[in-house]
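Please open the model in your viewer and keep the sequence panel beside it, so that each selection can be made by residue number. The tour moves from one selection to the next and says what is found at each stop.

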Amino acid sequence: MASFLHNFSSVLISMVLIFLLVVPSLMCHSMEEKDLQHICSKTQNRTECLNLFKSDPRSLNTDIKGLTGVAVDLALNKSNAVHTQYNQLYTDTKNSELQEKYIACSKNYNDAIRDLQVVKNYLDINRYRFITVEINDALQEVMSCRNVLKKESIDPANMDYQNEEFKLLCYMVKVTSHYLIQK
């Protein structure tokens with residue numbers, strides 16, 4: 001009987017070790033080009049989405065959580081650059097109406113940066129369900145900025161392109177985080 005229990009214990013321990021080694025590797029599926037194409041097909045601009053992901057070498061060497069982190073980093077970098085650009089436009093222009101619009105957009109992007117930092121924190125602590133709320137807030141900020149600029153028939157700095165790219169990056173975060181929630 002002791003021999004049977006010893007053999008059974010050895011088999012059980014071996015099975016547990018195999019399980020512990022195999023299952024995590026299945027859960028940590030690395031992204032491939034086709035995965036990025038599928039994810040980007042869920043955004044409003046598949047080609048630009050792919051280009052943005054491919055601009056960061058981490059995109060193909062990570063799992064879906066890592067890819068969400070890449071999207072968040074890309075969105076944070078873009079929002080910081082656009083925020084800085086709006087601040088510079090505010091400083092450089094002498095047109096008081098444009099100054100009001102630029103400072104309003106600067107404030108919108110400041111809030112969007114804060115939202116993205118919260119998203120990054122939620123991603124780090126595996127609180128995936130809350131990411132969507134913050135991303136929607138960031139999207140609302142860029143939409144508010146776009147609405148302010150649309151009131152002006154002239155956009156001398158052509159900031160609409162910057163706003164559209166940031167919006168796409170937010171959707172990339174939203175789509176990738178959706179897959180995390182499904183896990």
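Begin by selecting helix H6, residues 131–150, and colour its buried residues, which are Ile-131, Glu-134, Ile-135, Ala-138, Leu-139, Glu-141, Val-142, Cys-145, Arg-146 and Leu-149; buried here means under 20% relative accessible area, exposed means over 50%, and partly exposed lies in between, with a 1.4 Å probe and protein chains only. These buried residues lie on the same side of H6, because they cover an arc of only 150 degrees around the axis, the arc being that of the directions from the helix axis to the C-beta atoms. An α-helix has 3.6 residues a turn, so residues three or four places apart point the same way.

Before going further, note that this is a predicted model, in which local features need pLDDT of at least 70 and side-chain atom pairs count only at pLDDT 80 or more, while totals for chains, interfaces and linings use all residues. Residues are numbered from 1 along each chain as its sequence is written, and side-chain values use heavy atoms, with hydrogens and water left out.

With H6 still selected, check its length between the end C-alpha atoms: they are 28 Å apart, which agrees with the 28 Å that 20 residues should span at 1.5 Å a residue, the expected span being 1.5 Å times one less than the number of residues. Now add the partners of its buried residues, namely helix H4 (64–92), helix H5 (96–124) and helix H7 (160–182). Helices such as these are DSSP runs (H or I, at least four residues), strands are runs of E of at least two, and both are numbered from the N terminus.

Zoom out to the protein chain, which comes to 7 helices and 0 strands. Of its 183 residues, 39% count as buried, and among contacts (heavy atoms within 4.5 Å) between residues at least 6 apart in sequence, 72% join residues at least 24 apart.

Next, which residues have the most contacts inside the largest nonpolar core? Select Phe-53, Tyr-86, Ile-135, Phe-166, Met-172 and Val-173, which hold that place in a core of 45 residues; such a core is a set of buried Ala, Val, Leu, Ile, Met, Phe, Trp, Tyr and Cys residues joined through side-chain atoms within 4.5 Å. The elements that give two or more residues to this core are helix H2 (33–40), helix H3 (46–54), H4, H5, H6 and H7, and the largest share, 11 residues, comes from H4.

Centre the view on Phe-166 and show what surrounds it: leaving aside its neighbours within four places in sequence, Phe-166 is in contact with Ala-75, Lys-78, Ser-79, Tyr-109, Ala-112, Leu-116, Ala-138 and Val-142.

Turn now to the cysteines, where the structure holds 2 disulfides, a disulfide being a pair of cysteine sulfur atoms within 2.5 Å. Select Cys-40 and Cys-49, whose sulfurs are 2.1 Å apart; both residues are buried, and with -65 degrees about the S-S bond their link is left-handed. Then select Cys-105 and Cys-145, also joined by a disulfide at 2.1 Å, S to S. This pair links distant parts of the chain, with Cys-105 in helix H5 and Cys-145 in helix H6, 40 residues apart; the link is right-handed, with 105 degrees about the S-S bond, and Cys-105 and Cys-145 are buried. While you are displaying cysteines, add Cys-170, which is buried with a relative accessible area of 0%.

The last stops are charged pairs, for which a search of the whole structure finds 11 salt bridges, each a side-chain nitrogen of Lys or Arg within 4 Å of a carboxyl oxygen of Asp or Glu. Select Asp-73 and Arg-58, where the closest N and O atoms are 3.0 Å apart; Asp-73 sits in helix H4 and Arg-58 in the loop between H3 and H4, 15 residues apart. Asp-73 is buried at 17% relative accessible area, whereas Arg-58 is partly exposed at 38%. Extend the selection to Asp-56 and Lys-120, which are linked with Arg-58 and Asp-73 in a network of salt bridges.

Finish on helix H5 with Asp-111 and Arg-114, whose salt bridge has its closest N and O atoms 3.1 Å apart. Because they are 3 residues apart in helix H5, Asp-111 and Arg-114 are separated by about one helical turn. Asp-111 is partly exposed at 23%, and Arg-114 is partly exposed at 44%.
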